[in-house]
Amino acid sequence: MSLPLITAAHCVQGHVLQLTFSDGRSGTVDFSALLDGALPPVFAPLRDPAVLADFRLEHGTLHWTGDLDLAPEYLYFRAFAHEPGLQRQFADWGYLEPHTVHA
């Protein structure tokens, strides 16, 4: 599987974005959970829902003012982290420990 790109995105409400990826999958990412510790402090401006919603989509990646962006494969992981069929891919990308993935 090649790395997914974001093909469409919109704010659902508050800190939740609906994302569509280049493989046709669509899912939501709740940024409130990310902003409570998973992301470095440089992303603190995204705590404001108006700032979070003010993104642009460039080359398959979400970008915000201040040169902030997040890797589309990380957002793919966040949207589909619990799908069993994707666990090995997430481990290959470094988002899961390989020993936690069952064949």
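## Two antiparallel sheets and a shared core

β2 and β3 form a hairpin with 4 residues between them. Glycine 24 sits in that turn, with a positive phi of about 90 degrees. The model described here is predicted. Its mean pLDDT is 91, and 94% of the residues score at least 70. Among the elements, β2 has the highest mean pLDDT, 98. The lowest, 82, belongs to α1.

**The β1-β2-β3 sheet**

The β2–β3 pairing is antiparallel and spans 5 bridges. β3 covers residues 26–30. Within this pair, glutamine 18 stands opposite threonine 28 in β3.

β2 also pairs with β1, again in the antiparallel sense, over 6 bridges. β1 runs through residues 6–13, and β2 through residues 16–21. Here cysteine 11 stands opposite leucine 17 in β2. These two strands form a hairpin as well, with 2 residues between them. Its turn holds glycine 14, whose positive phi is about 50 degrees.

The 3 strands make an open antiparallel sheet in the order β1-β2-β3. β1 and β3 are the edge strands; each has a single partner, so one side of each lacks a neighbour in the sheet. Neighbouring strands are turned by 25 degrees against each other on average, direction ignored.

**The β4-β5-β6 sheet**

A further open sheet has 3 strands in the order β4-β5-β6, with antiparallel pairing. Its edges are β4 (56–58) and β6 (68–70); each has a single partner strand, so one side of each is left without a neighbour in the sheet. The twist averages 35 degrees from one strand to the next.

β5 covers residues 61–64 and is joined to the antiparallel β6 by 3 bridges. Tryptophan 64 has leucine 68 in β6 as its bridge partner.

Histidine 63 lies in β5. At 16% relative accessibility, histidine 63 counts as buried. What does histidine 63 contact, leaving aside its neighbours within four places in sequence? The contacts are Asp54, Phe55, Arg56, Glu58, Leu68 and Asp69.

**Positive phi outside glycine**

Two loop residues call for a look at the backbone. Histidine 59 has a positive phi near 50 degrees, though it is a residue other than glycine. Aspartate 67, also a residue other than glycine, has a positive phi near 60 degrees. The table sets out where they lie and how accessible they are.

| Residue | Phi | Loop | Relative accessibility |
|---|---|---|---|
| Histidine 59 | near 50 degrees | between β4 and β5 | 77%, exposed |
| Aspartate 67 | near 60 degrees | between β5 and β6 | 74%, exposed |

**Helices across the β1-β2-β3 sheet**

α1 (residues 31–38) lies across β2 and β3. α1 runs at about 45 degrees to β3. α3 (residues 72–80) lies across β1, β2 and β3. Its angle to β3 is about 90 degrees.

Is α3 enclosed or open to the outside? Of its 9 residues, 8 are buried, so the helix is largely enclosed by the rest of the structure. The buried set is Pro72, Glu73, Tyr74, Leu75, Tyr76, Phe77, Ala79 and Phe80.

**The nonpolar core**

The largest nonpolar core has 26 residues. Those with the most contacts inside it are Leu19, Phe21, Phe31, Leu62, Trp64 and Leu75. β2, α1, β5, β6 and α3 each supply at least two residues of this core. Which element gives the largest share? That is α3, with 6 residues. In soluble globular proteins, nonpolar side chains tend to be buried together.

Leucine 19 shows the surroundings of one core residue. Not counting residues up to four places away in sequence, leucine 19 touches Ile6, Ala8, Ala9, Arg25, Ser26, Gly27, Val29, Leu62 and Leu75. Among these, Leu62 and Leu75 are also in the group with the most contacts inside the core.

Terms used: Residues numbered from 1 in each chain as written. Predicted model: local features only at pLDDT ≥ 70, side-chain atom pairs only at ≥ 80, totals over all residues. Heavy atoms only, no water. Pairing = 2+ DSSP bridges. Axes fitted to C-alpha atoms, helices over the stretch in contact; angles between N-to-C directions. Contact = heavy atoms within 4.5 Å. Buried < 20%, exposed > 50% of the residue type's maximum accessible area, 1.4 Å probe, protein only. pLDDT = per-residue confidence, 0-100. Core = buried A, V, L, I, M, F, W, Y, C linked by side-chain atoms within 4.5 Å.
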